[in-house]
Amino acid sequence: MSEHDAGFRAALEEAKQGAGEGGIPIGACLVSKDGKIMGRGHNMRVQKKSATLHAEISTLENAGRLPASAYDGATMYTTLSPCDMCTGACILYKVARVVMGENNTFIGGESTLKQHGIEIVNLKNAECEALMKKFITEHPEDWWVIMRG
C-alpha cells in the first residue's frame with residue numbers, strides 16, 4: 001500500500017474536491033480485492049449540513065447496493081483516520097483493510113478496526129495532514145462541532 005495506489009490517489013482527489021467546495025477535506029475510495037474502484041466520495045457535512053455524510057459513508061453510498069461478496073477483501077482508502085461511525089461501517093461491510101493518509105490531526109477507531117481483524121496502514125502523508133491543518137486553522141468553529149460529533 002502506498003501513496004501511488006489508485007485508491008489513495010482517488011481519495012486524495014476527493015479530499016481536495018471537498019476543500020474546494022468549502023467543506024472538510026476528507027476523501028475516501030473503496031477498492032475491490034482485484035483492484036477495481038467500487039466507489040469514491042468526500043465528506044459533505046458542511047455542504048449538505050449533514051450529521052452523517054462522512055467521506056467513507058459517501059463512498060459506500062456512491063458504490064451503490066452491492067452483494068456482500070463484493071466487499072470481501074476490499075480496501076477502504078481514506079485521507080484521515082476513520083471516526084467511530086466510519087469504523088463501524090468498515091466493520092459492518094467486512095472491509096479487509098483501511099489505508100489512511102494520516103492520523104496526526106485526528107485518531108479515530110483504529111484500535112477497534114484492529115480488534116476486528118482489519119489491517120490498518122498509515123501512509124503518514126504530508127499533503128493529507130496539511131489539508132486538515134489548514135481546515136482546522138481556518139475553520140476552528142466547524143472543527144469543534146466535528147470533534148463533538
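1. Which helix is Glu129 found in? Glu129 belongs to α5, the helix that runs over residues 126–138. One thing to keep in mind before going on: this is a predicted model. For a charged residue, Glu129 is worth a look, since its relative accessible area is 16% and that makes it buried. Setting aside neighbours within four places in sequence, Glu129 is in contact with Glu102, Asn104 and Thr105. I'd pull up that spot if you are thinking about how to treat the side chain.

2. Next, the cysteines. How many disulfides does a search of the whole structure find? The count is 0. Take Cys29: the nearest cysteine sulfur belongs to Cys90 and sits 12 Å away, and Cys29 is in no disulfide. Cys29 is also buried, because its relative accessibility is 0%.

3. Cys128 tells a similar story. Its closest cysteine sulfur is the one in Cys29, at 13 Å, which is too far for a bond; the cut-off for a disulfide is 2.5 Å between the sulfurs. Cys128 counts as buried too, with a relative accessible area of 2%.

4. Now helix α3, residues 84–92. Which of its residues are buried? They are Cys86, Thr87, Ala89 and Cys90. Looking down the axis of α3, these buried residues fall within an arc of 160°, so they line one face of the helix. That fits the usual geometry: with 3.6 residues a turn in an α-helix, residues three or four places apart point the same way. On the other side of α3 you find Asp84 and Leu92, both exposed.

5. What covers the buried residues of α3? The cover includes two helices, α2 (55–63) and α4 (110–115), along with the strands β3 (75–78) and β4 (97–100). Just past the end of α3, Lys94 takes a positive phi of about 55°.

6. Helix α2 has its own buried set: Ala55, Glu56, Ser58, Thr59, Leu60 and Ala63. Those buried residues pack against β1 (27–31), β2 (37–42), β3 and α3. So α2 and α3 turn up in each other's surroundings, because α2 is part of what covers the buried residues of α3 and α3 is among the elements that the buried residues of α2 pack against, with contact here meaning heavy atoms within 4.5 Å. Just after α2, Gly64 takes a positive phi of about 80°.

7. A closer look at Ala63, which lies in α2. Is Ala63 buried or exposed? Ala63 is buried, its relative accessible area being 14%. Not counting residues up to four places away in sequence, Ala63 touches Met38 and Gly39. For a sense of scale, Ala63 and Glu141 are 78 residues apart in sequence, and their C-alpha atoms are 31 Å apart in space.

8. If you care about pockets, the second largest one has a volume of about 180 Å³. Its lining is made up of Leu60, Glu61, Gly64, Arg65, Leu66, Ala68, Tyr71, Leu92, Tyr93 and Lys94. By type, that lining divides into 6 nonpolar, 1 polar and 3 charged residues. Several names from the points above come back here: Leu60 is one of the buried residues of α2, Leu92 is exposed on the other side of α3, and both Gly64 and Lys94 have a positive phi.

9. On the subject of backbone angles, two further lysines deserve a check. Lys49 has a positive phi of about 50° although it is not a glycine, and its place is in the loop between β2 and α2. With a relative accessible area of 77%, Lys49 is exposed. Lys124 also has a positive phi of about 50° without being a glycine; where does Lys124 sit? Its place is in the loop between β5 and α5, and at a relative accessible area of 66% Lys124 is exposed.

10. Last, Gly117, which has its place in the loop between α4 and β5 (119–122). Gly117 counts as exposed, at 63% relative accessibility. How many residues apart in sequence are Gly117 and Phe8? They are 109 residues apart along the chain, and 21 Å apart in space, C-alpha to C-alpha.

Conventions: Residues numbered from 1 in each chain as written. Predicted model: local features only at pLDDT ≥ 70, side-chain atom pairs only at ≥ 80, totals over all residues. Heavy atoms only, no water. Buried < 20%, exposed > 50% of the residue type's maximum accessible area, 1.4 Å probe, protein only. Helix = DSSP H or I, 4+ residues; strand = E, 2+ residues; numbered from the N terminus. Arc of directions from axis to C-beta. 1 Å grid on protein atoms, 1.4 Å probe; cavity = no way out; pocket = protein on both sides within 12 Å on 5 of 7 lines; lining within 4 Å. Points joined across faces, edges and corners; volume = space filled by probe spheres on them.
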